[in-house]
Amino acid sequence: MVPIKSIAIIGAGPAGAITVDALSQEQAFDKIRLFERREKAGGCWIEDPKDHVQRLTDYEKLAARTPDATLPIPDNLPTEIPHNTQYRFSETTVYPTLETNIDAHAMSFSQEPFPEERSTLNILRHGEDSPFRHWKVVEGYIESLLDRKQYHKLVTYNTTAELVHKDKETNKWVVTLRQPNVESGLDKWWTESFDAVVVASGHYTVPFIPTTRGLAEFAENFPGSVEHSKSWRDPEKYRGKRVVVVGASISGADISFTMADVVETPLHSVVRGRYHPYFSDWAFQHPNIKRCPPVSHITSSRETGERTVHFEDGTKLEDIDHVIFGTGYTWTLPFLPELAATIRNNRLPNLYQHVFWREDPTLCFVGAIAAGFTFKVFEWQAVLAARFLAGRISLPSQSEQKKWEEDRIHKRGDGVPFTALYPDFEEYFEEVRQLAGEPKDGQGRVLPKWEKWWREQFDAGHLRRIHMWKKGNEEARRRIRKEDGKAGANL
C-alpha cells in the first residue's frame with residue numbers, strides 16, 4: 001500500500017473526536033482534516049435551536065429507507081451557488097432531560113473519564129452515585145476531546161461532505177464539500193483530496209417510520225399529529241392528549257414511561273411483544289400504559305375531524321391527538337451513493353471488523369455498529385484504523401476478511417444483529433486490540449486489555465434504570481389506589 005499522508009474524517013461526534021486523537025498519536029500523517037456539518041462538535045449530543053421544527057418529508061421514502069438523497073453536484077468547482085433547500089435531517093434527538101442510558105465508566109474512552117457531574121433530576125432518579133450523565137455533560141466531554149492539543153484547528157464546522165469518490169487517475173479520495181453562508185444566501189462548494197477517508201458520521205440521524213396505510217393523509221390532515229421520537233422534547237406538550245407510541249426499544253420505553261402520568265389515561269403503546277434486550281418490558285408495566293397490537297391503518301378526515309388508529313386485532317382508537325414513532329433510524333450515506341446502494345437490512349456489507357471497506361481499506365468506518373459499548377468501542381475501532389493507515393499493521397487476506405463476514409452472517413443474520421456486539425463484547429474488543437497491536441516506538445494510542453468490571457458496570461447501569469421504572473410503576477399504582485379510594489369514599 002502506498003504510504004498514507006493525508007486523511008479526511010467525516011463527522012465530529014464522539015467517533016470523529018476520538019479518531020482525531022488516534023490518528024494524531026501515530027505521528028505518521030502530514031494532514032488530518034475533520035469536517036462537521038453542524039456548528040460545533042458533539043454529533044447527536046448537541047441541542048437544536050428551541051424554535052426549530054423537524055420535518056418528516058416523504059413517508060414512502062422514510063419507509064423505504066431512501067429519504068436522504070445525494071445532492072446534485074455543481075459542474076464546475078469551486079463555485080458559489082444559491083443555498084440548497086433539500087432537507088438533510090441534521091437535527092439531533094436531544095431533549096432537556098435526556099441522560100445517558102449506559103454507565104459512564106463503561107461508556108467513556110479508556111484514558112478520558114467522564115466528569116463526576118450529575119443533574120438534580122439524575123440524582124433524584126438514580127441517587128448521588130448515579131452512573132449516568134446529562135446530555136450537556138456528554139456534549140462538553142466531546143468538545144473537550146477536540147479542545148486539547150489544539151485538535152480544534154483541524155476541524156471545519158458548518159461544512160457538509162456531499163460526495164466522496166476515488167479518482168482512478170490520482171488514486172486519491174476526492175471529497176466534495178459544501179458550506180452555506182447565511183448572510184449571502186449562497187453555498188460555497190469545493191473539493192479536497194486525501195489518501196484516506198474515515199467515515200464517523202453516525203447512523204442515528206434519519207428517522208425510520210414503517211409503512212402505515214393512511215399515515216401520510218393523517219399527517220397532512222392534522223399537521224403535527226405524527227412525530228418521530230427524534231423530535232420529542234417535553235411531555236407537557238401532550239398533557240391530557242390521546243397518544244399512541246409505536247416502538248418498544250429505548251426511545252419508545254423512555255417516552256412512554258415519561259408521558260404515562262401526563263397524557264390522557266391510558267397511553268397506548270404498540271410494542272409487538274418484542275423489547276430491548278437490556279431493559280425487557282419494565283417501562284411498559286406502568287399502570288397507565290396499555291399495550292396494543294400493531295397498527296393496521298389510520299383513517300382521518302379534515303372535514304369530519306375523524307382521527308382513528310386501527311389495530312391488527314380489529315380494535316380501533318378514535319380521536320387520536322398524536323402518534324409518535326419510536327421505530328429507530330435508517331443508516332444513510334448520501335455522500336457515498338454507490339456504497340449506499342448496497343446497504344441491506346440497515347447494514348453496509350463488505351466491512352471487515354465493521355471498520356475496513358474490503359474493496360479498498362483506505363476507506364474506513366468508525367461507529368458502524370449497534371448495541372455496543374458506545375463510546376468506548378469507537379476508540380478501539382479508531383486505533384485499529386489509525387494503525388493500519390499508518391502502515392504499522394497489515395490486514396488479513398481478502399478471502400479471510402470475506403470469511404469473517406460470512407461466519408458472522410451465519411451466526412447473527414444479515415441485518416442489524418450482524419452489527420450488534422451484544423452480548424459478545426469481550427470477544428470483539430480483544431480481537432480488535434490484538435489486530436491493532438501495541439504502539440511502535442511510543443507512537444500511537446494504547447488499547448488496554450478488556451476488563452471484566454466494564455461489563456459488570458454496564459449491566460449494573462441497566463439494572464439501575466430498571467429499578468427506576470419499577471419504583472415509578474409502584475408509586476403510580478399506590479397513587480391510583482389512593483385516588484380510587486377517595487373517589488369511592490365520595491360516592
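Start by selecting Asn 158, a residue that is partly exposed at 36% relative accessibility. You'll find Asn 158 in the loop between strand 4 (155–156) and strand 5 (160–167). Check its backbone: phi is about 50°, a positive value even though Asn 158 is not a glycine. Keep in mind as you click around that this is a predicted model.

**Another positive phi**

Now go to Arg 65, in the loop between helix 2 (59–64) and strand 3 (79–82). Arg 65 is a non-glycine residue with a positive phi, near 60°. Its relative accessible area is 31%, so Arg 65 counts as partly exposed.

**Two cis peptide bonds**

Next, select Thr 265 and Pro 266 and look at the bond that joins them. That peptide bond is cis, with omega near -5°. Pro 266 belongs to the loop between helix 7 and strand 12 (267–270).

Then move along to Thr 374 and Phe 375, where the peptide bond is cis as well, with omega about 10°. No proline on the far side here: the residue after the bond is Phe 375. Phe 375 sits in the loop between strand 21 (363–365) and helix 9.

**Around Phe 375 and into the core**

Stay on Phe 375 and show what surrounds it. Which residues is Phe 375 in contact with, leaving aside its neighbours within four places in sequence? Pick out Pro 14, Trp 45, Met 107, Phe 109, Phe 114, Val 138, Tyr 141 and Ile 142.

Zoom out a little and you're in the largest nonpolar core, which has 91 residues. Phe 375 is one of those with the most contacts inside that core, a group that also takes in Leu 146, Met 259, Phe 356, Phe 378 and Leu 389. Colour helix 9 (residues 376–389) too, since the largest share of this core, 10 residues, comes from that helix.

There's a second core to look at, separate from the one above and made of 23 residues. To find it, select Ala 8, Val 197, Leu 333 and Trp 357, which are among its members.

**Helix 1 against helix 9**

Back to helix 9, this time with helix 1 (residues 14–26) switched on. The two helices pack at an angle of about 35°, and their axes are 8 Å apart. Their crossing is right-handed.

For the side chains at this contact, select Pro 14, Ala 15, Ile 18, Thr 19, Ala 22, Leu 23 and Glu 26 on the helix 1 side. On the helix 9 side, they meet Phe 378, Glu 379, Ala 382, Val 383, Ala 386, Arg 387 and Leu 389. Sorted by class, the contact has 10 nonpolar residues, 1 polar and 3 charged.

Two names from earlier come up again here: Pro 14, which is in contact with Phe 375, and Phe 378, one of the best-connected residues of the largest core by number of contacts.

**Salt bridges**

How many salt bridges does the structure hold? There are 48, and a handful will do for this tour.

Begin with Asp 254 and Arg 465, whose side chains meet in a salt bridge at 2.5 Å, N to O. Asp 254 is in helix 7 (residues 250–259) and Arg 465 in helix 13 (residues 452–489), so you're looking at a link between distant parts of the chain, 211 residues apart. Buried or exposed, these two? Asp 254 counts as buried at 15% relative accessibility, and Arg 465 is buried too, at 3%.Next, select Arg 347 and Asp 414, a salt bridge with its closest N and O atoms 2.6 Å apart. Arg 347 is in the loop between helix 8 (337–340) and strand 19 (351–352), while Asp 414 is in the loop between helix 10 (398–412) and helix 11 (416–419), so the pair ties together parts that are 67 residues apart in sequence. Arg 347 is buried at 1% relative accessibility, whereas Asp 414 is partly exposed at 24%.

For a local pair, return to helix 13 and select Arg 478 and Glu 474. Their closest N and O atoms are 3.9 Å apart, and they form a salt bridge. Why are they separated by about one helical turn? Because they are 4 residues apart in helix 13. Arg 478 is partly exposed at 45%, and so is Glu 474, at 30%.

**Last stop: a network**

Finish by selecting Asp 21, Glu 112, Arg 148, Lys 149, Glu 379 and Arg 445, which are linked in a network of salt bridges. You've already met Glu 379, on the helix 9 side of the contact with helix 1.

Note on methods. Residues numbered from 1 in each chain as written. Predicted model: local features only at pLDDT ≥ 70, side-chain atom pairs only at ≥ 80, totals over all residues. Heavy atoms only, no water. Core = buried A, V, L, I, M, F, W, Y, C linked by side-chain atoms within 4.5 Å. Buried < 20%, exposed > 50% of the residue type's maximum accessible area, 1.4 Å probe, protein only. Contact = heavy atoms within 4.5 Å. Axes fitted to C-alpha atoms, helices over the stretch in contact; angles between N-to-C directions. Left-handed = near helix turned anticlockwise from the far one by under 90°. Nonpolar A, V, L, I, M, F, W, Y, C, P; charged D, E, K, R; others polar. Salt bridge = Lys/Arg side-chain N within 4 Å of Asp/Glu carboxyl O.
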